[in-house]
Amino acid sequence: MVLFKVLSGIVVIAFTGTLASVSESQLPSQAIFVDPRSFAVMGPNADFRNDSFNILFNPTSTTPPFFQIFDERFLTILGGSPSFREIASDPTFAFAHEAPVYNEPTDEVFFSSNDGGPLGMSDLNHNNVISKISMKEVEAALSANATGPVNVPITQLNLSDSIQMTNGGTGPYNSSILLVTSGRGSSPPSIVLVNPLPPYNATVLLDNYFGRQFVSLNDIKVHPTNGKIFFTDVDYGFLNLFRPAPLMPFQVYRFDPNTSAVRVVADGFNKPNGIAFTPDGNTAYVSDTGASGGFLGNNLTLPASIYAFDVDPVTHVFKNRRVLAYADAGVPDGIQLDSDGNIYSGCADGTQVWAADGTLLGKFFLGMSTAEMIFAGDGRLVILAETKMFLAKIAAKSIPLGGPSRN
C-alpha cells in the first residue's frame with residue numbers, strides 16, 4: 001500500500017515499511033496527492049459540505065484543471081508525463097454535453113450540445129445540435145501553444161429532422177455513429193445511425209416499444225462480444241420540459257440489430273443514465289442519477305451511484321446487482337472504461353475514475369460539471385464540460401466501442 005500527502009511543498013510517499021520523499025518537480029505534471037487519512041476525521045467544528053453539486057471537494061484549493069489522486073493506481077493511468085489542457089470554449093453555449101464518439105478514420109470527435117439544460121439553447125421548440133472537432137487541429141493548436149488553453153473551432157452538423165435531442169452516442173458501429181435521442185414534444189425517442197461523412201445521412205433503427213413511445217432515451221453502448229445494442233431510458237426530457245410526462249418505467253433495454261427485437265434487461269432504477277461494459281462483456285455498469293431532478297430540483301437523498309451487473313450469457317439480462325460507487329460530487333453521468341477495466345464517469349467536479357473493486361482512484365478535476373468523456377484513441381481522453389472541452393494526455397488505453405470485430 002502507498003499513501004500520499006502534500007506537506008509544505010514536499011510530497012511524502014509512505015510505503016509499507018519505508019518512507020521516501022520526492023520534490024514536487026518529480027511528480028507528474030498538474031498532479032496533487034490527497035491522502036484519505038488526512039480528511040478521515042475533520043472534527044466537530046469543521047466546515048462540512050452540505051451540497052454535493054455546488055460545493056466540491058478540493059482540500060488543497062488547487063486551481064483546475066489538475067489531476068487529484070487518492071490511490072497510487074491512478075499514477076498508472078496517468079503515466080509519467082500527463083498533461084491536461086482546455087481545447088475549446090464558448091461561455092455562451094453548452095455545446096459540449098453528451099454523445100461523444102471518436103471516429104478514427106477522420107480523427108474527429110463527435111458530440112452533442114446540452115438538451116434542455118442551462119445554456120443548451122434547446123427546448124420544446126428548438127432541437128439541440130451535433131458538432132465535431134478535429135483532433136488533428138487540436139494537436140496542432142497545442143503544439144503551437146506550449147501552455148494554457150486553446151480554442152479550436154468546432155463544426156456543427158446539419159442532420160436529419162428525425163434526430164431530435166441527441167443525448168447519447170457510441171461507435172463507430174458498422175462505420176457509422178450510433179446515437180440515441182430523447183425525442184422532442186411528440187417526436188419519439190429513437191436509435192439512429194448517422195454517417196460520419198457528409199452529407200451525414202441518417203437511418204432510424206428503433207423508435208418505439210411495441211407501439212409505445214419510450215420516455216426519453218439517454219445513453220447507449222454496443223456489447224463487445226454479442227453485438228447487441230443496450231440503452232437506457234429515463235425522464236430527463238420531461239424534467240427539462242421538452243417531453244410529455246412519462247408513461248413507462250425507467251429501464252435498461254436490449255435491441256437486437258439483426259431481428260429488431262427489443263426487451264428489458266434491467267429495472268428498479270430511479271434514473272438509469274450512463275451505461276458501459278467491461279472489455280470481455282461479462283460485466284455491465286449503469287449509473288443512477290436520481291439525485292439530479294431537473295425542474296424538481298436536486299435531492300441528495302436519491303441515488304448518485306454506479307451499479308455493476310453480471311450479464312447473462314444467454315438472455316443478456318443484467319443480474320447480481322451491486323454498488324460499484326457513490327459519487328461525492330453531483331451524480332455520475334456517462335460511463336467509459338479503459339483497457340484495464342477502470343471506470344470513468346462525468347460528475348459535478350470533472351471526471352472521476354474508479355477501479356473495478358470500487359476504489360476511487362482519482363479525478364480529472366475541473367471544478368465544473370462534466371456529463372461525458374471519450375478516449376480519442378489510446379492516451380487521449382477528451383472531456384465534455386458543457387461550455388468547454390478538455391484533453392488529458394495520459395497513459396491509459398482505449399477499448400473498442402463498435403461491438404465484435406468484423407473481418
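This report describes a four-stranded sheet and a nonpolar surface patch in a predicted model.

## The sheet and its edges

In this predicted model, 4 strands are arranged as an open sheet in the order β15-β16-β17-β18, with antiparallel pairing. The edge positions are taken by β15 and β18 (262–266), and because each of them has a single partner strand, one side of each is left without a neighbour in the sheet. On average, neighbouring strands of this sheet are turned by 30 degrees against each other, with direction ignored.

## From β15 through β16 to β17

Although β15 stands at an edge of the sheet, 6 of the 6 residues of this strand (residues 217–222) are buried, so β15 is largely enclosed by the rest of the structure. Its pairing with β16 (residues 229–233) is antiparallel and extends over 4 bridges, and within this pair Ile-220 stands opposite Phe-231 in β16. The two strands, β15 and β16, form a hairpin with 6 residues between them, and Gly-227, which lies in the turn, has a positive phi of about 75 degrees.

β16 is also joined to β17 by 4 bridges, and these two strands run antiparallel; here Thr-232 has Val-252 in β17 as its bridge partner.

## A nonpolar patch at the surface

Leu-241, Phe-295 and Leu-296 make a nonpolar surface patch of about 350 Å². Of these residues, Leu-241 is placed in the loop between α3 (236–239) and β17 (252–255), and its relative accessibility is 58%, which is over the 50% cut-off, so Leu-241 counts as exposed.

Conventions:
Residues are numbered from 1 along each chain as its sequence is written. This is a predicted model: local features need pLDDT of at least 70, side-chain atom pairs count only at pLDDT 80 or more; totals for chains, interfaces and linings use all residues. Side-chain values use heavy atoms; hydrogens and water are left out. Buried means under 20% relative accessible area, exposed over 50%, partly exposed in between (1.4 Å probe, protein chains only). Two strands pair if DSSP finds at least two bridges between them. Patches are made of residues with over 30% relative accessible area and no salt bridge: like charges are joined within 9 Å, nonpolar side chains (Val, Leu, Ile, Met, Phe, Trp, Tyr) within 5 Å. Accessible areas come from the Shrake-Rupley method with a 1.4 Å probe; for residues, only the protein chains shown count as cover. A salt bridge is a side-chain nitrogen of Lys or Arg within 4 Å of a carboxyl oxygen of Asp or Glu. Axes are lines fitted to C-alpha atoms, for helices over the stretch in contact, and angles run from 0 to 180 degrees between N-to-C directions.
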